[in-house]
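Reader: Could you walk me through this structure? I am new to it, so please start with the overall picture.

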Amino acid sequence: MEPLRPSDHIDADALAAERAAERAEQEASGDARGASAAIAQPALGVVGWLRFAWRQLTSMRTALVLLLLLAVAAIPGSLVPQRSADPNGVVQYREDNPELFDILDTLQVFDTYTSVWFSAIYLLLFVSLIGCIIPRTLHHARALRSAPPKTPARLGRLVGYRTTDAPATVEHALDAAHAELRRRRYRVARYGDSLSAERGYLRETGNLIFHMALVGVLATIGFAGGFGYNGQKVLVQGQAFVNQLTSYDSFNPGRFFDDARLDPYGIRLDEFTAEYGLDQTTGVVQPLDFTAAVTVTENGEQRERIIKVNEPIDVGGTRLYLLGNGFAPVVTVRDADGDVVFSEAVAFLPQDANLTSLGIIKVPDGLEEQLGMIGFFYPSALPLESGALASIYPEPDQPVLTLNAFTGDLGLDDGVPRNAYALDTDDLTQVTGGDTGTDSLVLGLGQSADLPRGLGSVEFTALPRFISVDVHHDPTQAGVLVSALLILGGLVVSLWVPRRRLWVVATATDAGVRLQYAGLARGDDPGLEAAVADLADAHSQRLAPTLET
């Protein structure tokens, strides 16, 4: 090459300046064309925007975001009681937080899993997953039927590239490589003097199974869950419960529930046993065990069963859980002539660990006026310095029942449902306790006392126990279990099965054949280079008997 002359330097500088000016002019004109093109770009229109929205909704990124939103949206359901599972807890929450309750109720927080916003996220996730799965499934089906891709022109750029020479023919070398690849479960196709092999389709199959099973979980919970129900019942010792709609104290059906689907069976509480222990350091009574012995009647047969906390029993397609327990004093009310007008076991709801309990007694008929009583039950009563009573142990060592009586219209005849565990005293007249000048009625087990105004008398007759059970029918369990197992299996397969491609190229030489090996992974595959080397070594071993022959 000849050296540059001074004039050449001048020409080069001028040329550089000229080229810079041309580039600036081209960029300016390009910007102008881009601006004009942007202005002239046609509008998407309704169909275009719908297509754009559908593509965004059915993208995997959107599905992941919706899945995260669904998890976040489910949090309120674990922070506040839900009407479907704990209606009494919702009532108690309203009494404790009246102002906050109205706000949360407007936002449907107490019906989280059936709220508009939770359902919207749920349905969008459902549609998004289906929109992701269908095209991927079709693409995967086509890939399963198609041959492996053709051999690249330059294998040296790929992973694990390796060459060897062997004194064999091209046909023998390729036949041996084909046999070895098939043994390793590769799909093999021949292109000229090369082999293209691919395996790991199970990885995408597992990925699709994972997403399909996730859709299965959503579909099972969203649809099959509508056929479920759960109800609560208080069972007093010696009393029976029949699985029919009118027997429940509270009942929460699914949206597709039909009472004709209730399985016929009956349960009787035979005995309830509670075990307690005393913490020697704190002096606090600790519950150790609760056992309810029941008799189940199903299909004309009776059998004895045991229900414990966290040990439910399965009866007739339902599962029965032991939720709570307490005492149900039998209160007998007689009129002025001594005739019995009321005698029932009334469940008193525990208020503390020592089972100090609150109960409501309503006597609508048989007396000159309707009678309502608010009572407190003390299993092991002990008078305090103030004169009030307190229970010092949850077992009935010294049971005492105190009653405040009210007369007037109890509101039971107006056709409006009333809470059996509450008494509205606004329109009633208190006749014992408080500022009436008449002491509250205090009764030991077997004792009786006269009611004021000559209404009659009341007696503390007996003291059976009661339990509260939750009857739960969930038709989604089998479907969710199968879907969960498929999710786990699909996830394991998609994580552990590598998707890889291997190529073998045979080129005839004067001494025999030159073999080239290389691989390519679809995704992370740290073992790909070792797989290529292993294939080359195994191929050489297959060629060895041929060479000896």
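Reader: How much of the contact network joins residues at least 24 apart in sequence?

Author: Among contacts in the protein between residues at least 6 apart in sequence, 62% link residues at least 24 apart, where contact means heavy atoms within 4.5 Å. Please keep in mind that this is a predicted model, in which local features need pLDDT of at least 70 and side-chain atom pairs count only at pLDDT 80 or more, whereas totals for chains, interfaces and linings use all residues. Residues are numbered from 1 along each chain as its sequence is written, and side-chain values use heavy atoms, with hydrogens and water left out.

Reader: And how many helices and strands are there?

Author: The protein has eleven helices and 26 strands, with helices (H or I, at least four residues) and strands (E, at least two) being DSSP runs numbered from the N terminus. The radius of gyration is 40 Å, well over the 24 Å that the globule rule gives for 549 residues, so the protein is more spread out than a compact globule. That radius is taken over C-alpha atoms, and the globule rule is 2.2 Å times the number of residues to the power 0.38.

Reader: What box do the C-alpha atoms fill?

Author: Taken along the principal axes, the box is roughly 135 × 75 × 55 Å. Of the 549 residues, 39% are buried, which stands for under 20% relative accessible area, with exposed being over 50% and partly exposed in between (1.4 Å probe, protein chains only).

Reader: What about the surface, and how far apart are the mean positions of the charges?

Author: The accessible surface comes to about 31,300 Å², and 56% of it belongs to carbon and sulfur atoms; the areas come from the Shrake-Rupley method with a 1.4 Å probe, and for residues only the protein chains shown count as cover. As for the charges, the mean positions of the 43 positive and 67 negative ones are 21 Å apart. Lys and Arg count as positive and Asp and Glu as negative, while His and the chain ends are not counted.

Reader: Let's zoom in on a helix. Which residues of H5 are buried?

Author: In H5, which covers residues 87-96, the buried residues are Gly89, Val90 and Tyr93. Seen down the helix axis, they fall within an arc of 100°, so they line one face of H5; the arc is that of the directions from the helix axis to the C-beta atoms.

Reader: Why would residues a few places apart point the same way?

Author: An α-helix has 3.6 residues a turn, so residues three or four places apart point the same way. On the other side of H5, Asn88 and Glu95 are exposed, and what covers the buried residues of H5 includes helix H6 (98-106).

Reader: What comes between H6 and H7?

Author: Gln108 is found in the loop there, ahead of helix H7 (116-145). Its phi is near 60°, a positive value in a residue other than glycine, and Gln108 counts as partly exposed at 29% relative accessibility. Leaving aside neighbours within four places in sequence, Gln108 is in contact with Ser115, Val116 and Trp117.

Reader: Which other residue has a positive phi although it is not a glycine?

Author: Leu355 has a positive phi of about 65°, and its place is in the loop between strand S14 (349-350) and strand S15 (357-363). Leu355 is buried, with a relative accessible area of 7%.

Reader: Changing topic, where is Pro76, and what does it touch?

Author: Pro76 is found in helix H4, residues 75-79, and is partly exposed at a relative accessible area of 22%. Not counting residues up to four places away in sequence, Pro76 touches Gln82, Val109, Thr112 and Trp117.

Reader: And Leu70, is that buried or exposed?

Author: Leu70 is buried, with a relative accessible area of 13%, and lies in helix H3 (residues 60-73). Beyond residues up to four places away in sequence, Leu70 touches Phe118, Ile121, Tyr122, Leu125 and Leu218.

Reader: One last residue: how far is Ser494 from Asn207 in space?

Author: They are 5.3 Å apart, C-alpha to C-alpha, although 287 residues apart in sequence. Ser494 is found in helix H10 (residues 477-496) and counts as buried at 12% relative accessibility. Apart from residues up to four places away in sequence, Ser494 touches Arg203, Gly206 and Asn207.

Key: The place of a charge is taken as NZ of Lys, CZ of Arg, CG of Asp or CD of Glu.
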